[in-house]
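Q: Please take a close look at the open sheet of one chain in this model. I would like to know how its strands are ordered and paired, what packs around them, and how the rest of the model relates to that part.

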Amino acid sequence: MTARAVGGIFKGPRYFTETIAQMDAIGVGSLTIIMLTGFFTGGVLTIQTFPTLAFWGQQGQTGRLVAVSLVRELGPVLTALMVAGRVGSAIAAELGSMTVSQQIDAMRALGTDPIRKLVAPRMLALLIALPLLTVIADVVGIGGGAFAATSLYGLSIGEFLNSVREGITTDDILGGVIKPTCFAVIIGAVACYKGLNTEGGTVGVGRSTTRAVVTASIVVIVADFFLARALQYILGMPAQ
Amino acid sequence: MAATESQHLTDPGEVSRNAAGSTFAEVDDQHRIIPAIEFRNVLLAFDDRVILDRLSFKVLRGETKIILGGSGGGKSTIIKLVLGLLKPDEGQVLVDGEDITDYTEAQMVAVRKRIGMVFQEGALFDSLSVYDNVAYRLHEQGLSEDEVEPEVRRMLRFVNLEDAIDKMPAELSGGMRRRVGIARALIGDPKIVLFDEPTAGLDPPTARTICELAMKLRDLEDVSSIFVTHEMNNLDYLCSEYAVVNEEGQVVFEREGERLCLTNSKVMMMKEGKVIFSGTDERLRKAEDPYIQKFLRGH
C-alpha cells in the first residue's frame, strides 16, 4: 500500500486540492500543540539539566545540551508522537468511517483508486508537514529552554545561544530532518492501513483508531532507535 | 464526452429515444446475444466458509435479475464480484462478454466506468455536497463545470431531487440519500446498474419510488441490472409493472396483463451461497420448496 501511495504521488491523476487540504489539516492544524510541546520540553530540559551542569561548573553548556537533545532526539520523536496521536487517529477514523459506510467501495466502483485519492495526498502532506513541524518544535523548544535558563537560573541569553550555536552541527540538523521524514511514512502508512482495513461498524472505527495510534507510536519509537544508530554511521556522528 | 453519450437518459415526462428502439426493436442485434453479466461456476470462500458455491447465471441485455434471499446468503457478494471488489477463488465473471476474473485494479477502472452501483445506504461521500457527489465521476474524468452541471441537474431531475442540489448528505433523509446514490450511479449513462438492497429500511412509498426508478431504467433506457433485495414488495413491483411513456409524454407505470407480459425481469433465489430457484416470479410463487414458501409468506 505504501509503495502504491508513493507511486500515486508521482503518477496522475494528482489530487492537488486534496493534498493542500491535508497539509492544512496536518501542518497548520498541529502547529499549536507542536509549539506547546516544544516549548515546555525545552523548558523542562533546562530545569532538569541546569542543576547537574552547574554542579560540574558547566552551566554555560545548558543551551548546547538542550539544543542537541531537541534537534537529535526529542524534537523529531515528540513531534512524531504528537502527530501520530492527533493526525494518525484522525486519518484512521476518517478512512475507517468511509470503509464501514461503503464510501471506499463506492469510490472504487466509480473508477477511483482510493490509494491515489486518499492515501497518497495524506502521505505527501505528512512528508512535507512533519519535517517542518519538527523544525518548528526544535526552534520553539530552544526558545523554551532559553526562557527557563534566563528567567529561572539567571543565565544570559547570549551565553545560552552561543552554546546552542557551538553545539549544533549541520549533521544534527540533517539527521533531525531525515528522522521525521521516515516517521511521516510510518504514521501515514499505519494510519491509512488501519483505516482502510476497518471492520465491524462504528465499534471497529474506534478500534482501528486506537490501534493506529498505538502501533504508529510504538513503531516510531522502535524506528528511532535504529535510525539513531544508522545516522551515527551515515553522517559520522559521534557513536561513542 | 459523457454529456453527449448520455443524451438518451430522459427526464420524467420526456420521451426516451431508447423507448421505441430498445428491447423489442433490437432483438436481431447480434450484440444483444452477449449477456451483460455472466457468472460461470463461481466459487468464493472466506476461510472454511463457502460464500458462493459454484454459481452460474446470466443477465441478458435490458433484463433485470432480482436476487432474493436471506441475510448472509451471498447476494451482495455477487455485486462485489461484478465490480471486481472481490475476486472469485474459482470460475469466471464476465461483463459484456469480457472475462474480468483476473483483471487488475487498473484494468477494472475501465470496466467500472460502464457500471453504475447503488449501495444499500447510498454510500454518499459525507464531505461532498449532493452536487459534488453526483458529479464525482465526471470530475474524476476532468470534465469542465460547463459540461458537468447540466449532467448533474439532469440526473437529479431523473430522481426528482434537483432542489437538493446544494445540500450535504447529512441533511438528507434515508430515501433521498438512496435517490442521490442512484443519480450518482447513473451519471455517464452506464448500461449496467447494480442495486444492493436499495430499499432496505425505507418506508413503502419511498421504496416504491426507488423501484419505479429501476423500472424506468429497465423499460425506457434498456439498462441491464441486478437488483439484490429481500423485500417481497420489490419483487411485486418489478415483476408485475412496467414503465411506458403515454400520449402526453409522461412516464406511467402499468400492470402486466392483457396488453403486455413482462419478460425482462427474472428472479433468482439464493440460500447459503447456492441458487435454489431461477425463473419468473410466477414460477417462484408456485415453487414447493419450503424455504421459498416461508420466504414468500414472511413467516
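A: Two strands are taken to pair if DSSP finds at least two bridges between them. The model is predicted, and what follows should be read with that in mind.

On that basis, chain B contains an open sheet of six strands, ordered β6-β7-β8-β3-β11-β12, with mixed pairing. The edges are held by β6 (115-118) and β12 (274-279) of chain B; each has a single partner strand, so one side of each is left without a neighbour in the sheet. From one strand to the next, the twist averages 15 degrees.

Within this order, β8 stands beside β3. Strand β3 (residues 64-69) of chain B and strand β8 (residues 224-229) of chain B are parallel and share five bridges. In this pairing, Thr229(B) of β8(B) is the residue opposite Leu68(B).

A helix packs on this part of the sheet. Helix α8 (residues 204-220) of chain B lies across β3, β7 (192-196) and β8 of chain B, and its direction makes an angle of about 155 degrees with β8(B).

A second helix, α9 (residues 232-240) of chain B, has Asn234(B), Leu235(B), Tyr237(B), Leu238(B) and Cys239(B) as its buried residues. Their cover includes strands β3, β8 and β11 (265-271) of chain B, along with α8, β9 and α10 (281-286) of that chain. Of these elements, β3, β8 and β11 belong to the six-stranded order given above.

β9, another part of that cover, takes part in a hairpin with β10(B). Strand β9 (residues 241-245) of chain B and strand β10 (residues 251-255) of chain B are antiparallel, again over five bridges. Glu241(B) stands opposite Arg255(B) of β10(B). Five residues lie between the strands of the hairpin, and Gly249(B) there has a positive phi near 80 degrees.

Next, the side of chain B that touches chain A. In this contact, 14 residues of chain B meet 11 residues of chain A. On the chain B side, α4 (105-112) and α5 (130-140) of chain B are the elements that give two or more residues. That side is made up of eight nonpolar and six charged residues, with no polar ones. As for α5(B), its buried residues are Val130(B), Asn133(B), Val134(B), Ala135(B), Tyr136(B), Arg137(B) and Leu138(B). Gly142(B), just after α5(B), has a positive phi of about 80 degrees.

Chain A, in turn, has eight helices and zero strands. Its C-alpha atoms fill a box of roughly 70 × 35 × 30 Å along the principal axes. Of its 240 residues, 49% count as buried. Among contacts in chain A with a separation of 6 or more, 86% are between residues 24 or more positions apart.

One helix pair in chain A can be described further. The axes of helix α3 (residues 62-100) of chain A and helix α7 (residues 170-196) of chain A come within 8 Å and cross at roughly 20 degrees. Because of this angle, α3(A) is roughly parallel to α7(A). The crossing of α3(A) with α7(A) is right-handed. The residues of their contact comprise 18 nonpolar, eight polar and five charged.

Technical notes. Residues numbered from 1 in each chain as written. Chains lettered and ligands numbered in written order. Predicted model: local features only at pLDDT ≥ 70, side-chain atom pairs only at ≥ 80, totals over all residues. Axes fitted to C-alpha atoms, helices over the stretch in contact; angles between N-to-C directions. Helix = DSSP H or I, 4+ residues; strand = E, 2+ residues; numbered from the N terminus. Parallel < 35°, antiparallel > 145°, perpendicular 65-115°, else oblique. Left-handed = near helix turned anticlockwise from the far one by under 90°. Nonpolar A, V, L, I, M, F, W, Y, C, P; charged D, E, K, R; others polar. Contact = placed C-beta atoms within 7 Å. Buried ≥ 20, exposed ≤ 12 C-beta atoms within 10 Å, placed from the backbone.
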